[in-house]
Amino acid sequence: MKFAFLISISLAILIPVLIITGSNSQDLAGGSSNTNIAPPTVVDGTQIIEIAAKGGYSPKKTEAKANVPSIIQVKTSGTFDCSSALVIPSLGYSVYLPASGSTNIEVPAQQPGTVLRGMCSMGMYNFSISFS
Ligand SMILES: [Cu+2]
(Lines give C-alpha, C1' and ligand atoms only; values in the text may rest on other atoms or scores of the structure.)
Protein backbone atom coordinates (compact mmCIF):
# COMPACT_ATOMS: atom_id res chain seq x y z
CA MET A 1 0.00 0.00 0.00
CA LYS A 2 2.85 2.31 0.85
CA PHE A 3 4.41 1.55 -2.54
CA ALA A 4 1.16 2.29 -4.34
CA PHE A 5 0.94 5.54 -2.48
CA LEU A 6 4.46 6.52 -3.55
CA ILE A 7 3.63 5.61 -7.17
CA SER A 8 0.54 7.79 -7.18
CA ILE A 9 2.47 10.66 -5.65
CA SER A 10 5.24 10.39 -8.22
CA LEU A 11 2.67 10.09 -11.03
CA ALA A 12 0.91 13.19 -9.76
CA ILE A 13 4.20 15.03 -10.10
CA LEU A 14 5.29 13.36 -13.34
CA ILE A 15 2.13 13.51 -15.41
CA PRO A 16 1.84 17.32 -15.62
CA VAL A 17 5.55 17.44 -16.55
CA LEU A 18 5.08 14.79 -19.23
CA ILE A 19 2.03 16.54 -20.65
CA ILE A 20 3.90 19.84 -20.84
CA THR A 21 7.00 18.33 -22.45
CA GLY A 22 4.93 16.14 -24.77
CA SER A 23 2.54 18.80 -25.99
CA ASN A 24 4.79 20.09 -28.80
CA SER A 25 5.31 16.74 -30.48
CA GLN A 26 1.65 15.87 -30.17
CA ASP A 27 0.67 19.11 -31.85
CA LEU A 28 3.04 18.30 -34.70
CA ALA A 29 1.54 14.83 -34.97
CA GLY A 30 -1.90 16.20 -35.67
CA GLY A 31 -3.09 17.41 -32.32
CA SER A 32 -4.80 15.69 -29.45
CA SER A 33 -6.60 18.49 -27.72
CA ASN A 34 -9.48 16.46 -26.32
CA THR A 35 -7.60 14.00 -24.14
CA ASN A 36 -4.80 13.93 -21.62
CA ILE A 37 -2.63 11.35 -23.30
CA ALA A 38 0.86 11.03 -21.87
CA PRO A 39 3.88 10.15 -24.01
CA PRO A 40 5.27 6.62 -23.53
CA THR A 41 6.81 5.90 -20.15
CA VAL A 42 8.59 2.82 -18.83
CA VAL A 43 7.18 1.56 -15.53
CA ASP A 44 8.85 -1.47 -13.89
CA GLY A 45 10.37 -2.56 -17.21
CA THR A 46 7.15 -2.26 -19.19
CA GLN A 47 6.56 0.59 -21.58
CA ILE A 48 3.12 2.17 -21.38
CA ILE A 49 1.93 3.70 -24.64
CA GLU A 50 -1.31 5.64 -24.46
CA ILE A 51 -3.55 6.10 -27.49
CA ALA A 52 -6.93 7.82 -27.48
CA ALA A 53 -9.65 6.42 -29.72
CA LYS A 54 -12.55 8.66 -30.64
CA GLY A 55 -13.26 9.86 -34.16
CA GLY A 56 -9.81 8.55 -35.03
CA TYR A 57 -6.71 7.93 -32.97
CA SER A 58 -4.36 10.30 -31.26
CA PRO A 59 -1.54 10.84 -31.26
CA LYS A 60 -1.35 9.63 -34.84
CA LYS A 61 2.40 9.08 -34.52
CA THR A 62 4.15 7.93 -31.38
CA GLU A 63 7.87 7.42 -30.78
CA ALA A 64 8.57 4.52 -28.44
CA LYS A 65 11.52 2.53 -27.14
CA ALA A 66 12.54 -0.71 -28.84
CA ASN A 67 13.58 -3.85 -26.96
CA VAL A 68 11.13 -3.34 -24.08
CA PRO A 69 7.82 -5.14 -23.68
CA SER A 70 4.99 -2.65 -24.03
CA ILE A 71 1.37 -2.22 -23.18
CA ILE A 72 -0.69 -0.05 -25.49
CA GLN A 73 -3.44 1.51 -23.41
CA VAL A 74 -6.27 2.51 -25.69
CA LYS A 75 -8.53 5.05 -24.03
CA THR A 76 -12.09 5.53 -25.11
CA SER A 77 -14.51 8.14 -23.84
CA GLY A 78 -17.94 8.21 -25.42
CA THR A 79 -16.48 6.48 -28.47
CA PHE A 80 -19.35 5.32 -30.66
CA ASP A 81 -17.69 5.65 -34.05
CA CYS A 82 -15.78 2.97 -35.92
CA SER A 83 -12.48 3.79 -34.20
CA SER A 84 -13.78 1.44 -31.49
CA ALA A 85 -13.22 -1.46 -33.91
CA LEU A 86 -9.44 -1.58 -33.66
CA VAL A 87 -7.11 -3.79 -35.65
CA ILE A 88 -3.33 -4.16 -35.38
CA PRO A 89 -2.58 -6.39 -38.38
CA SER A 90 1.06 -7.22 -37.62
CA LEU A 91 0.07 -8.53 -34.19
CA GLY A 92 -2.95 -10.38 -35.55
CA TYR A 93 -4.95 -8.39 -33.02
CA SER A 94 -8.47 -7.04 -33.23
CA VAL A 95 -10.86 -5.83 -30.57
CA TYR A 96 -14.12 -3.99 -30.07
CA LEU A 97 -13.26 -1.32 -27.53
CA PRO A 98 -15.81 -0.38 -24.88
CA ALA A 99 -17.49 3.00 -25.49
CA SER A 100 -15.65 4.33 -22.45
CA GLY A 101 -12.71 2.81 -20.67
CA SER A 102 -9.14 1.69 -21.08
CA THR A 103 -8.06 -1.42 -22.99
CA ASN A 104 -4.59 -2.90 -22.59
CA ILE A 105 -2.88 -4.49 -25.56
CA GLU A 106 0.27 -6.41 -24.72
CA VAL A 107 3.06 -5.99 -27.23
CA PRO A 108 6.29 -7.99 -27.04
CA ALA A 109 9.62 -6.15 -27.29
CA GLN A 110 10.03 -4.75 -30.81
CA GLN A 111 13.16 -4.49 -32.95
CA PRO A 112 14.53 -0.98 -33.51
CA GLY A 113 13.04 0.41 -36.73
CA THR A 114 9.76 -1.44 -36.35
CA VAL A 115 6.65 0.61 -37.06
CA LEU A 116 3.47 -0.80 -35.59
CA ARG A 117 0.30 0.34 -37.32
CA GLY A 118 -3.16 0.28 -35.89
CA MET A 119 -6.37 1.14 -37.71
CA CYS A 120 -10.10 0.95 -37.52
CA SER A 121 -11.52 -2.17 -39.13
CA MET A 122 -12.38 -0.22 -42.27
CA GLY A 123 -8.91 1.28 -42.55
CA MET A 124 -10.30 4.80 -42.40
CA TYR A 125 -8.49 5.92 -39.24
CA ASN A 126 -5.00 4.90 -38.29
CA PHE A 127 -2.05 5.49 -36.00
CA SER A 128 1.54 4.35 -35.91
CA ILE A 129 4.08 3.65 -33.21
CA SER A 130 7.76 3.81 -34.22
CA PHE A 131 10.19 1.82 -32.09
CA SER A 132 13.81 2.93 -31.92
CU1 LIG B 1 -13.47 3.30 -39.70
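## Ile129 and the nonpolar core

In this predicted model, Ile129 is in contact with a set of residues from elsewhere in the chain: once its neighbours within four places in sequence are left aside, its contacts are Ile49, Ile51, Thr62, Ala64, Ile72, Thr114, Val115 and Leu116. Ile129 also belongs to the largest nonpolar core, which has 18 residues, and together with Ile72 it is named as having the most contacts inside that core. The residues of this core come from several strands, since strand E2 (46-53), E5, E6, strand E8 (101-107), E9 and E10 each supply at least two of them.

A general tendency helps in reading this part of the model: in soluble globular proteins, nonpolar side chains tend to be buried together.

## The chain as a whole

The secondary structure of the chain comes to 1 helix and 10 strands, and, read from the N terminus on, the helix is followed by the strands in the order α-β-β-β-β-β-β-β-β-β-β. Of the 132 residues in the chain, 35% are buried. When contacts between residues at least 6 apart in sequence are considered, 53% of them join residues that are at least 24 apart.

## A sheet of five strands

Five strands make up an open sheet with mixed pairing, and their order across it is E4-E10-E9-E6-E7. Strand E4 (61-64) and strand E7 (93-96) stand at the edges of the sheet, and because each has a single partner strand, one side of each is left without a neighbour there. From one strand to the next, the twist averages 15 degrees.

Strand E10 (residues 126-131) pairs with E4 in the parallel sense, over 4 bridges. Within this pairing, Thr62 stands opposite Ile129, while the bridge partner of Glu63 in E10 is Ser130. E10 also pairs with E9, here in the antiparallel sense and over 5 bridges, and Arg117 stands opposite Ser128 of E10. The hairpin of E9 and E10 has 5 residues between the strands, and in it Gly123 takes a positive phi near 80 degrees.

## The copper site

Which protein atoms are the donors of the copper ion? They are the SG atoms of Cys82 and Cys120, which lie 2.1 to 2.2 Å from the ion. This pair links distant parts of the chain, with Cys82 in the loop between strand E5 (70-76) and strand E6 (85-88), and Cys120 in strand E9 (residues 115-120), 38 residues apart. Cys120 counts as buried because its relative accessibility is 1%, whereas the cut-off for a buried residue is under 20%.

## One aromatic pair

The structure holds 1 aromatic pair. Its members are Tyr57 and Phe127, whose rings lie 5.1 Å apart centre to centre with 65 degrees between their planes, an arrangement described as edge-to-face. This pair, too, links distant parts of the chain, for Tyr57 is in strand E3 and Phe127 is in strand E10, 70 residues apart. Are these two residues buried or exposed? Both Tyr57 and Phe127 are buried.

## Backbone angles in the loops

As background to the loops, most residues other than glycine have a negative phi, and most peptide bonds are trans. Two residues other than glycine have a positive phi here: the value is near 50 degrees for Asp44 and near 65 degrees for Asn67. Asp44 is found in the loop between strand E1 (41-43) and E2, and Asn67 in the loop between E4 and E5. Asp44 counts as exposed because its relative accessibility is 69%, and Asn67 counts as exposed because its relative accessibility is 54%, the cut-off for an exposed residue being over 50%.

A further backbone feature involves Pro59, which is found in the loop between strand E3 (57-58) and E4. The peptide bond that leads from Ser58 to Pro59 is cis, with omega near -5 degrees.

Key. Residues are numbered from 1 along each chain as its sequence is written. Side-chain values use heavy atoms; hydrogens and water are left out. Donors are N, O and S atoms within 2.8 Å of the metal (3.2 Å for Na, K and Ca); water is not among the atoms, so sites may look incomplete. Helices (H or I, at least four residues) and strands (E, at least two) are DSSP runs, numbered from the N terminus. Buried means under 20% relative accessible area, exposed over 50%, partly exposed in between (1.4 Å probe, protein chains only). Two strands pair if DSSP finds at least two bridges between them. Axes are lines fitted to C-alpha atoms, for helices over the stretch in contact, and angles run from 0 to 180 degrees between N-to-C directions. A nonpolar core is a set of buried Ala, Val, Leu, Ile, Met, Phe, Trp, Tyr and Cys residues joined through side-chain atoms within 4.5 Å. Contact means heavy atoms within 4.5 Å. Rings of Phe, Tyr and Trp (its six-membered ring) pair if their centres lie within 6.5 Å; planes under 30 degrees apart count as stacked, over 60 as edge-to-face and the rest as tilted.
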